[in-house]
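Colleague: Please take one part of this model, the nonpolar core, and look at it closely. Then work outwards from there and tell me what lies around it.

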Amino acid sequence: MKLSELAAKIEGVFSGDGTINIHGVAGIREAGGGEISFIANPRYASEAALTQASAVIVSEDWNSDCPAVLIRVKNPDAAFAKAATLFYVPAPLPAIGVHPSAVVAQDVQLGDGVRIGPLCVVESGVKIGARTVLVANCYIGYRSEIGEDSLLYPQVSLREFVKIGKRAILHNGTVVGSDGFGYSVDGNGVRTKIQQIGTVEIGDDVEIGANTTIDRARFGKTRIGNGVKIDNLVQVAHNAVLGDHVVLVAQVAIAGSTTIGEKTIFAGQSGAAGHLKIGSGVIVGAGSGVTKDTPDGAYVMGMPAIPAAKMKRNHAGLMLLPKLKERLAALDLRVCKLEENKQP
Amino acid sequence: MKLSELAAKIEGVFSGDGTINIHGVAGIREAGGGEISFIANPRYASEAALTQASAVIVSEDWNSDCPAVLIRVKNPDAAFAKAATLFYVPAPLPAIGVHPSAVVAQDVQLGDGVRIGPLCVVESGVKIGARTVLVANCYIGYRSEIGEDSLLYPQVSLREFVKIGKRAILHNGTVVGSDGFGYSVDGNGVRTKIQQIGTVEIGDDVEIGANTTIDRARFGKTRIGNGVKIDNLVQVAHNAVLGDHVVLVAQVAIAGSTTIGEKTIFAGQSGAAGHLKIGSGVIVGAGSGVTKDTPDGAYVMGMPAIPAAKMKRNHAGLMLLPKLKERLAALDLRVCKLEENKQP
Amino acid sequence: MKLSELAAKIEGVFSGDGTINIHGVAGIREAGGGEISFIANPRYASEAALTQASAVIVSEDWNSDCPAVLIRVKNPDAAFAKAATLFYVPAPLPAIGVHPSAVVAQDVQLGDGVRIGPLCVVESGVKIGARTVLVANCYIGYRSEIGEDSLLYPQVSLREFVKIGKRAILHNGTVVGSDGFGYSVDGNGVRTKIQQIGTVEIGDDVEIGANTTIDRARFGKTRIGNGVKIDNLVQVAHNAVLGDHVVLVAQVAIAGSTTIGEKTIFAGQSGAAGHLKIGSGVIVGAGSGVTKDTPDGAYVMGMPAIPAAKMKRNHAGLMLLPKLKERLAALDLRVCKLEENKQP
């Protein structure tokens, strides 16, 4: 694509040779000839002077050195994101219909334009909405349902009776509807399985990362609200309830029957114990463990998690402990002296 | 099912219309017309007044308001669990025999009633006990053995020479027998793989959750005892030994060569370092990390894990640190005054 | 194999009957008749007296009791490792070529001796180097490339445009190239997906454990250097950069855009926040969370991670807090007495 054409598409003004050909995007350090990059943060302005990129997207008030052709825009970050999509070559989807190597029950209901890729298994009673894609090697269990315009990457497994909404994206190896972890225990510590006869219901516009696991309910439903975004290797246990727009970053674990309000965010490697009520708009710090009911809007950290301000104060206190010990010893000495003086 | 019939099956006494039709179970808040729910904990008695359920299972001494027909029983929790199983529709199993799309070596030994579902791969020398089921897309490596009455959900992988006992349940995406993480290191930090030529041996009545990984031994065996229950996304490293009835909750990691006694429980996101001896009946708190040998019956918490009582005391002390600092400053002032007074 | 023959192969000197037949290796406690074991650490010498092994490899200066035939060597650990490989029966590989059940695009480029096992899917434009093996049920996305002499175990998934070097080993269920976790957020907490249009590039001699996930870049590349070793259930987020010979133990999580220098080691269940620069030769303790840029050679622990020596001092201080509180109370009493005395 000609640089002048690209500049027009991202609503930018270029200064220099508009006829040069741009064939891709890259970071400011990695970019080479024929590639376009960007500087969004003035902190990185010095890197522009050394770039090998043929063109660089900068802010309108840019005035640092740069050997590349400049395209000035209002928001370099957004403009670059747009430029990147112009060069993006998506992987082709499987053909519309059912690949001959897939094993699909006769009674499934497939919407218009559904694509079932190679080596998928789709069990009896399944319903799949229009334009939904199963890329390859997926397993869709008995009577499960997937809404329209969803995308399941290879090796996704859904167990029986699971419901997934519209525009879902499920990444490779994710499992929805595996049994909850529930046993009765006798006096000898021997465990007997409690049948997990509930299911999982997932709202619209949900994205779930790779190799994540979401367990079916003991009875009733494990629920994932609309717009929820879940990263890789996350565990959601039986009967958990995630409100709309909840975010679970990588390796989070939510224990059984815990309810999480709208828009709450769990940072990476954090978790919540079972049977808790966690409010809306809560932020749980990375690696933290929530062990108590938590009010709306709280920002908690630590294991066990406490309000972040208190945790930071405790941590600062901990760092000062050696000094505290020294001060106590010094005071002790002074008291000793006073005691000696007192005795005539 | 008629309510009167249901009441008889759960050994309860109903008061009200026994002819109404019940078609499912649900939680007290979610239940609607035609569904039965329960109250096991008096804390939730107030919710019974608002339920939409047609029937509610309660304790024999129940005396709160509830618009639904009541069924009184000795143990509402157990009675409800039984009711739930009465309405449970299990997913159908694959047919007895080998699905035509599966790739099964000619010399495998399959017991009576074995079901190999679509798109499974079963390698040479494998033995599978009577009535065991591979649902779909499973991989069973060279000369592995699975006992009778076991159930492998889709996308389970067993590497070569793995042995799994009777009545095992392995959930989707679980891997048994992957190589242990072992390398020799030279002076430049370059690692050379140490061949992991051992295997994994798993006892009877073991359940393993989704996307869990259990590594094969460097040599000898990684061992999982009878009745062990492992949740989702758990890591068991090479040469670990888990005693009978051990419980590993979600995202636990047990490092190499660590031995764990019978009935020990690791709560979610906890872990153990390598080469430890951890006793029987130990409880490891959520998110804790065991770094030392641990005696039978210990209850440990924290990172590094210490006895839970000590950890709680430390945590309380930490919360009091700001006050301790204040008290020290106040005392300092008082000593200053005494020192001034002393000097005439 | 005759014991005399085995002794010669491991360059050891045996004392006793060299004609006995050895058919396998095992640990000193587990070994039975016909098996050979070893004692590398004098701590375990007492176990040799009770072994059922037919032969035991010991150090040249061994002088404890042992009922088995002894083979004396310079380095018992290395000699035993060698002995173990002599008895190792590897699983057979799939045949050279493409298994008839695999679904392989017509335009793929396969090197000499490539083995594509049953039920694999290989998409259009893929290049696979000579002698590389896909065991079974793998998915290789559009235009991905894998170098020579690599081994992909069952159920490995590579998304489109991923590049993997020579001599790679990828264990079961691992995912490379899933979308990074990136969204723009509006004022109502509603998230819109940012297309992840970059890819993943992995160097030579890399091993990746089971069910690990490595996300593709937002744009540009997530990079894994040469000789990197990654264990099971690890998360590497978009645009992370791992230097050569980095080691990530089980359940580690590296957040987005973090750069890690050569030979740095993250112990199990540790993690790093996003956008950090972590130096070379750093060691991050188990369960720790790095939240700041970290210099070369640092050894850090804790959550948040601080220098290990400081963390240990803090921890010791925490254990002494109750005593500190007592000492403060005692001092308070002494000051009270002084104050009383002062007042005539």
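Modeller: In this predicted model, the largest nonpolar core has 219 residues. The residues with the most contacts inside this core are A:Cys120, B:Cys120 and C:Cys120, together with A:Ile254, B:Ile254 and C:Ile254. Membership requires a residue to be buried, and the members are joined through C-beta atoms within 7 Å.

B:Cys120 can serve as the example. With its neighbours within four places in sequence left aside, B:Cys120 is in contact with B:Ala102, B:Leu134, B:Ala136, B:Asn137 and B:Cys138.

The core residues just named come from chains A, B and C, and the next point is how these chains are related. Chain B is laid on chain A by a turn of 120° with a shift of 0.0 Å along the axis, and the RMSD is 0.2 Å. To lay chain C on chain B takes a turn of 120° and a shift of 0.0 Å along the axis, with an RMSD of 0.2 Å. That is the relation of a three-fold axis.

Now the contacts between the chains. Where chain B meets chain A, 50 residues of chain B and 51 residues of chain A take part. On the chain B side, helices α3 (76-86) and α4 (308-342) each supply at least two residues. α4(B) gives the largest share of that side, with twelve residues. By class, the side of chain B that touches chain A has 24 nonpolar, 17 polar and nine charged residues.

The contact of chain C with chain B takes 50 residues from chain C and 51 residues from chain B. Here α3 and α4 (308-342) of chain C each supply at least two residues of the side that touches chain B. The largest share of this side is again twelve residues, and they come from α4(C). The residues of this side divide into 24 nonpolar, 17 polar and nine charged.

α3(C) also has an inward side. Which residues of helix α3 of chain C are buried? They are C:Pro76, C:Ala79, C:Phe80, C:Ala81, C:Ala83 and C:Ala84. Among the elements that cover these buried residues are helix α1 (3-9) and strands β2 (24-25), β3 (35-38), β4 (55-59) and β5 (69-73) of chain C.

Those four strands belong to one sheet. It is an open sheet of five strands in chain C, in the order β1-β5-β4-β3-β2, and its pairing is mixed. β1 (13-15) and β2 of chain C are the edge strands, since each pairs on one side only. Strands of a sheet pair through backbone hydrogen bonds, either parallel or antiparallel.

Is β4(C) enclosed or open to the outside? Four of its five residues are buried, so β4(C) is largely enclosed by the rest of the structure. On one side, β4(C) pairs with β3(C) in the parallel sense over three bridges. C:Ile36 has C:Ala55 of β4(C) as its bridge partner, and C:Phe38 has C:Ile57. β4(C) also runs parallel to β5(C), and five bridges join the two strands. In that pair, C:Val56 stands opposite C:Leu70 of β5(C).

Helix α1, which was named above as part of the cover in chain C, can be looked at in chain B through B:Glu5. B:Glu5 lies in helix α1 (residues 3-9) of chain B. It has 13 other C-beta atoms within 10 Å and is therefore partly exposed, because buried would take 20 or more and exposed 12 or fewer. B:Glu5 and B:Asn21 are 16 residues apart along the chain, and their C-alpha atoms are separated by 9.7 Å.

For the layout of a whole chain, take chain A. Chain A is divided into domain 1 (3-87) and domain 2 (97-306). The centres of these domains of chain A, taken over C-alpha atoms, are separated by 40 Å.

Further along chain C there is another run of parallel strands. β16(C) (residues 157-158) and β19(C) (residues 175-178) pair in the parallel sense over two bridges, and C:Ser157 stands opposite C:Val175. β19(C) also pairs with β24(C) (residues 213-215), in the parallel sense and over three bridges. In β24(C), the bridge partner of C:Val175 is C:Thr213. C:Val175 thus faces C:Ser157 in one pairing and C:Thr213 in the other.

Key
Residues numbered from 1 in each chain as written. Chains lettered and ligands numbered in written order. Predicted model: local features only at pLDDT ≥ 70, side-chain atom pairs only at ≥ 80, totals over all residues. Least-squares fit on C-alpha atoms with pLDDT ≥ 70 in both. Domains from an automatic or database assignment. Pairing = 2+ DSSP bridges. Contact = placed C-beta atoms within 7 Å. Nonpolar A, V, L, I, M, F, W, Y, C, P; charged D, E, K, R; others polar.
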